[in-house]
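Hi,

Here is the structure I promised to pass along, with my notes underneath. Have a look at it first, and then read on for what turned up.

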Amino acid sequence: MPRGYTEDTLVQETTAEYLKNQLGWESVYAFNNEDFGPSSLLGRLSKREVVLTRYLRRALADLNPGLPDEAYDHAVRQLAETATTQSMVVTNRELYNLVRDGVRVRYTNDQGERKAKRLKVIDFAEPTKNHFLCVRELWVHGPSIIDGPISSAS
């Protein structure tokens, strides 16, 4: 019996298969398939988390090896936390700059010295060093800009 022509089969599944088979991306289907916790499908603790910090932290460590955990943790915090007092335009511009230019962190090295470094988030020079992930149907709960909390049928 044919599955029919749905948004999933015509757009999402087709695109995810292309990204995986032709470009080597990882593909995850999360619709009602996601549990929560550090070892869960995507590593999110709740539906309120938008940034997939497990993948982000791994990328930061891969692209900037040899630093103490505090450096990676500091970078993840800067990229995942948003100030609720500023506009979305300002927040998006700041995050774009961090992704493009790197995240500046301070840490203590093995000799006890305070150091500062800019951590690369994406390797633009060698794109194959990056991890690309396609996530289909990711539920996110949070405040709506217009009318309060976002509701979903999950």
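A polar contact here is a pair of N or O atoms within 3.5 Å, where one must be able to donate a hydrogen and the other to accept it. With that in hand, look at Asn109 and Glu113, whose side chains are joined by a polar contact of 2.8 Å. Please keep in mind throughout that this is a predicted model.

Asn109 sits in the loop between S2 and strand S3 (114-119). Is Asn109 buried or exposed? Its relative accessibility is 16%, and buried means under 20%, so Asn109 counts as buried. Its partner Glu113 is partly exposed, with a relative accessible area of 39%. Glu113 also takes part in a salt bridge with Lys115, at 4.0 Å from N to O. Lys115, at 36% relative accessibility, is partly exposed as well.

Now the overall layout. The protein has four helices and six strands, and from the N terminus on they run α-β-α-α-α-β-β-β-β-β. Of its 154 residues, 25% count as buried. Among contacts with a separation of 6 or more, 48% are between residues 24 or more positions apart. The accessible surface comes to about 10,700 Å², and carbon and sulfur atoms account for 53% of that.

On to the interior. The largest nonpolar core has 14 residues, and the members that touch the most others are Leu60, Val103, Val105 and Leu119. At least two residues each come from helix H2 (53-63), helix H3 (69-80) and strand S2 (103-108). Which of the elements gives the most to this core? That is H3, with five residues. Val105 is a good place to centre your view: leaving aside residues up to four places away in sequence, Val105 touches Ala71, His74, Ala75, Gln78, Lys115, Ala116, Lys117 and Leu119. Lys115 in that list is the salt-bridge partner of Glu113 mentioned above. There is also a second, separate core of five residues, including Val28, Ala30, Leu42 and Tyr55.

Next, the charged pairs. How many salt bridges does a search of the whole structure find? The search finds eight. Besides the Lys115 and Glu113 pair, here are two more to look up:

- Asp123 and Lys120 form a salt bridge, with their closest N and O atoms 3.9 Å apart. Asp123 is buried, at a relative accessible area of 5%, whereas Lys120 is partly exposed at 35%.
- Glu126 and Lys129 form a salt bridge as well, with the closest N and O atoms 3.5 Å apart. Here Glu126 is partly exposed with a relative accessible area of 41%, and Lys129 is partly exposed at 48%.

In addition, Arg57, Asp69 and Asp73 are joined into one network by salt bridges that share partners.

At the surface, Tyr5, Leu10 and Val11 make a nonpolar patch of about 380 Å². Leu10 belongs to helix H1 (residues 7-23).

Ile122 may interest you too. It lies in the loop between S3 and strand S4 (133-136) and is partly exposed, with a relative accessible area of 30%. Apart from residues up to four places away in sequence, Ile122 touches Leu63, Val99 and Asn130. Leu98 is 24 residues from Ile122 along the chain, and the C-alpha atoms of the two are separated by 10.0 Å.

Finally, a word on the backbone. Most residues other than glycine have a negative phi. Two residues with a positive phi are worth a look:

- Asn32 has a phi near 50 degrees. It is in the loop between strand S1 (26-29) and H2. With a relative accessibility of 53%, Asn32 counts as exposed.
- Glu137 has a phi near 60 degrees. It is found in the loop between S4 and strand S5 (143-144). At 32% relative accessibility, Glu137 counts as partly exposed.

Happy to talk any of this through once you have had a look.

Best wishes

How values were computed. Residues numbered from 1 in each chain as written. Predicted model: local features only at pLDDT ≥ 70, side-chain atom pairs only at ≥ 80, totals over all residues. Heavy atoms only, no water. Core = buried A, V, L, I, M, F, W, Y, C linked by side-chain atoms within 4.5 Å. Buried < 20%, exposed > 50% of the residue type's maximum accessible area, 1.4 Å probe, protein only. Contact = heavy atoms within 4.5 Å. Patch = residues over 30% accessible without salt bridge, like charges linked within 9 Å, V, L, I, M, F, W, Y side chains within 5 Å. Areas by Shrake-Rupley, 256 points an atom, 1.4 Å probe, with all protein chains shown as cover. Salt bridge = Lys/Arg side-chain N within 4 Å of Asp/Glu carboxyl O.
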